[in-house]
Amino acid sequence: MKNLSRKRSALASSSRKKLKLTHDNADSLPWKIVSRPVESGLDGDDGVLELEEVEGVEIIYEETEQGKVARFSTIYVDEDMQEEKNAKSFEEPVIESEDDIFLEDTFDSEKLLPDWHLYRLHPQLTKCLHHNNFSKPTPIQSAAIPIALNQRDVVGVAQTGSGKTLAYGLPILHKLLLAAPRKPSSKHRPVQALILTPTRELALQVSTHLNACLNTKTEDADKDGIIKEKSQGKAKGNYNSPAKKPPPRVSAAAIVGGLSAQKQKRILDRGADVLVATPGRLWDILEENEMLAAELKRLKFLVLDEADRMIEAGHFAELDNILRLTLRESEEDQIQDDVPFISGQHHAGLEDDKEKVVRDQMQTFVFSATLSKDLQKNVKRRAKLQRSRHSKKSEKPASTLDDLLLRLDFRDPEPEVIDLSPEGGVVSTLTEGKIQCLSADKDVYLYYFFLRYPGRSLVFLSSIDGIRRLSPLAELLNIKAYPLHSQLEQRQRLKNLDRFKSTPNSILLATDIAARGLDIPSVDHVIHYQIPRSADVYIHRNGRTARAMRKGFSMLMCAPDERKVVRALLGNLRRQENEIQEMSIDLSMLDKLKARVQLARQIETTHHKSNKAKHERNWIKETAEAMEIELDSDFASDSDGENSMKPQRKADQAKTAVMKAQLKQMLAQPLIARGISAKYITSGSHPIIEELISGDYNEKMLGVGVNDAESDISKVKKKKKTQATVVKTLQKDERDEEWTGIAG
Ligand SMILES: Nc1ncnc2c1ncn2[C@@H]1O[C@H](COP(=O)(O)OP(=O)(O)OP(=O)(O)O)[C@@H](O)[C@H]1O
């Protein structure tokens with residue numbers, strides 16, 4: 001019954017998001033044929049002809065008199081209806097009222113935000129900053145914003161979670177807002193700023209972040225007493241009629257893979273002042289959309305967010321093609337002469353475009369937490385390199401990223417390079433720890449960590465297979481774990497991300513698609529279940545916690561054969577392996593957990609084996625039918641293989657049921673630390689009566705205390721810190737404190 005009510009509440013919140021629910025049986029669900037995933041081992045001569053999947057389905061277990069019954073709820077997101085509404089509201093003519101002007105004019109940024117005032121940002125932006133309690137610019141914002149406002153190009157490197165999005169976003173929005181008409185029209189908007197990001201999630205996040213800065217009127221009105229009074233009257237009548245929402249002065253939208261075709265079309269028809277996109281999808285569109293290609297030739301701002309990742313993501317060709325649209329003519333000729341065009345690519349429909357537009361005004365911003373020092377120097381030497389390409393044709397750029405930067409047509413003869421990356425890549429509010437254990441024991445240690453240090457944990461694995469193995473295991477152990485990887489449908493990816501964001505005690509099991517840029521509030525721990533493949537990935541993964549001066553913890557799980565890689569990885573960051581402290585583990589507790597994990601694994605293996613046998617049998621039948629082959633009479637007469645497989649399946653099911661009951665019993669047993677007496681809570685070597693009375697205890701593990709992982713490690717770390725490092729840290733902390741105010 002517990003399960004049912006949990007699902008119900010989830011569905012209730014879904015319905016607020018305009019979801020429709022219908023109950024179905026398994027056969028009537030909207031199954032879709034999908035290609036066979038390579039890493040599942042189903043891509044070769046495995047005999048599987050077709051795989052089907054279904055999405056948007058919640059399974060609800062209902063307790064009935066006959067026992068537990070699974071029911072399926074299909075969720076239809078009524079996106080179209082919603083989109084239609086929004087589109088209409090966008091087209092509604094709006095006459096600016098005095099209230100709008102009042103709202104802008106009354107915001108006293110000098111008084112309310114003295115640290116931002118000197119930039120003289122558009123009031124709409126300062127109101128947003130005020131609303132978000134961003135009382136001071138972060139160091140990268142202080143360094144980049146004045147330069148960007150001054151028409152300069154910027155290459156910015158700063159630690160993860162340090163506010164790079166607004167470092168480039170605010171100058172862009174400021175300039176667009178200043179240039180925007182006071183009475184915005186609902187006509188098509190040409191793209192003026194293009195922001196390219198490596199992943200879909202990051203693109204959506206950046207566009208949401210920028211839109212939040214552009215739509216602050218009502219929120220701000222709520223916060224500021226005087227404004228509230230003035231704007232309330234106007235807002236009242238409009239609350240239930242979103243159709244009257246005026247078009248924004250400046251709009252931002254994201255175009256990423258996985259968007260519904262209608263939504264994409266609507267965004268493109270409507271246009272956006274700021275377009276945030278992943279290179280792959282954008283180039284697909286550009287090949288057919290000449291109008292958009294022409295707009296990109298007149299861009300005012302170009303941003304490469306996480307530039308170094310973009311070239312790794314396998315979209316270099318698309319990225320390069322997009323960048324070509326932003327070149328001035330002379331540059332375009334030069335690069336076409338010098339560098340052979342990426343084979344197989346062509347400018348469909350773009351070559352014919354003879355429009356000669358002088359594009360001297362475009363500003364370029366390149367941001368990341370990890371751009372090598374060499375590369376930064378190369379940006380400075382860029383003009384020289386560019387010239388030398390003519391004289392020494394054989395000279396190749398040092399790296400693909402160098403090559404990428406060479407392909408950028410900075411209008412600024414000397415782009416400003418701002419490097420605020422911390423030494424060794426470690427953010428000052430991050431504590432690192434490690435667990436050295438056998439690969440086979442990582443599941444138990446992970447389980448231990450999760451129970452010992454409850455919170456929101458982002459677990460990174462290097463393979464999708466690993467995620468598929470861990471997900472059911474976590475479910476059996478009553479842990480809320482959500483997968484995130486490239487083979488999930490986009491809608492499922494976002495849904496899982498949302499669930500993780502809204503569930504305080506949960507795990508996101510992710511591949512490195514979640515390593516960059518994602519700004520998930522309150523990730524307490526980042527766990528490297530498998531070693532990252534490079535130092536940069538280590539930095540970016542860690543950067544999902546300890547953001548915006550909050551505390552965070554990262555834990556490296558290191559098997560003996562991974563130590564070499566860890567040493568090399570830290571060596572790249574000019575760090576030693578022993579700088580990362582080992583976590584102390586309560587081994588008696590670990591033994592108890594081992595039994596649970598082993599049982600959960602057995603359940604999963606039996607279940608998997610039984611399912612596999614069924615699938616194999618179905619496959620043989622379907623293949624035979626498709627090839628019009630007659631099967632062995634025993635096999636053929638045994639419809640569905642029920643007869644021959646039934647005893648085995650029944651045996652497996654019985655075995656699974658027994659094991660599940662055992663596991664349930666195990667999970668119901670309290671885990672008690674050594675030296676604690678559960679019977680006599682006031683005695684024993686460590687009486688826990690006081691903890692119980694105060695309510696300050698770990699309910700999953702009695703007697704271990706409630707301290708967090710950071711404080712456990714910090715105790716050891718502090719003792720070992722040398723005088724020199726203390727001085728260094730102090731200086732850095734002082735710098736960081738300059739912009740905080742939200743630490744905690
Ligand atoms: N001036 C500010 N004061 C306080 N918080 C801020 C400020 N500017 C941005 N933030 C917040 O800091 C968080 C991190 O910002 P952002 O995502 O831009 O970081 P980032 O540097 O791009 O990180 P990453 O390198 O991981 O992509 C966000 O939640 C953002 O809202």
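A polar contact is a pair of N or O atoms within 3.5 Å; within protein, one must be able to donate a hydrogen and the other to accept it, and residues adjacent in sequence count only if both atoms are side-chain atoms. The model is predicted: local features need pLDDT of at least 70, side-chain atom pairs count only at pLDDT 80 or more, and totals for chains, interfaces and linings use all residues. Residues are numbered from 1 along each chain as its sequence is written, and side-chain values use heavy atoms, with hydrogens and water left out.

**Exercise 1. Describe the surroundings of the ligand and its polar contacts.**

Step 1. The ligand is surrounded by 22 residues, a residue being counted if one of its heavy atoms lies within 4 Å. The closest are K136, K164, T165, D519 and R547.

Step 2. By class, this shell holds 6 nonpolar, 10 polar and 6 charged residues. Here Ala, Val, Leu, Ile, Met, Phe, Trp, Tyr, Cys and Pro count as nonpolar, Asp, Glu, Lys and Arg as charged, and the others, Gly among them, as polar.

Step 3. In the side chain of R544, an N or O atom is 2.8 Å from an oxygen atom of the ligand. For T165, a polar side-chain atom lies 2.7 Å from a ligand oxygen. G163 contributes a backbone N or O atom, 3.2 Å from an oxygen atom of the ligand.

Step 4. The protein buries 94% of the 640 Å² that the ligand exposes when taken alone (Shrake-Rupley method, 1.4 Å probe; for residues, only the protein chains shown count as cover).

**Exercise 2. Locate M549 and N133, and state what their phi angles have in common.**

Step 1. Most residues other than glycine have a negative phi.

Step 2. M549 has a positive phi, near 70 degrees, and N133 also has a positive one, of about 60 degrees.

Step 3. M549 is in the loop between helix 24 (535–542) and strand 18 (552–558), while N133 is in the loop between helix 6 (123–131) and helix 7 (139–149). Helices (H or I, at least four residues) and strands (E, at least two) are DSSP runs, numbered from the N terminus.

Step 4. M549 is buried, at a relative accessible area of 9%; buried means under 20%, exposed over 50%, and partly exposed in between (1.4 Å probe, protein chains only).

**Exercise 3. Summarise the protein chain.**

Step 1. The chain contains 31 helices and 21 strands.

Step 2. Of its 744 residues, 48% are buried.

Step 3. About 37,500 Å² is exposed, and carbon and sulfur atoms supply 51% of that area.
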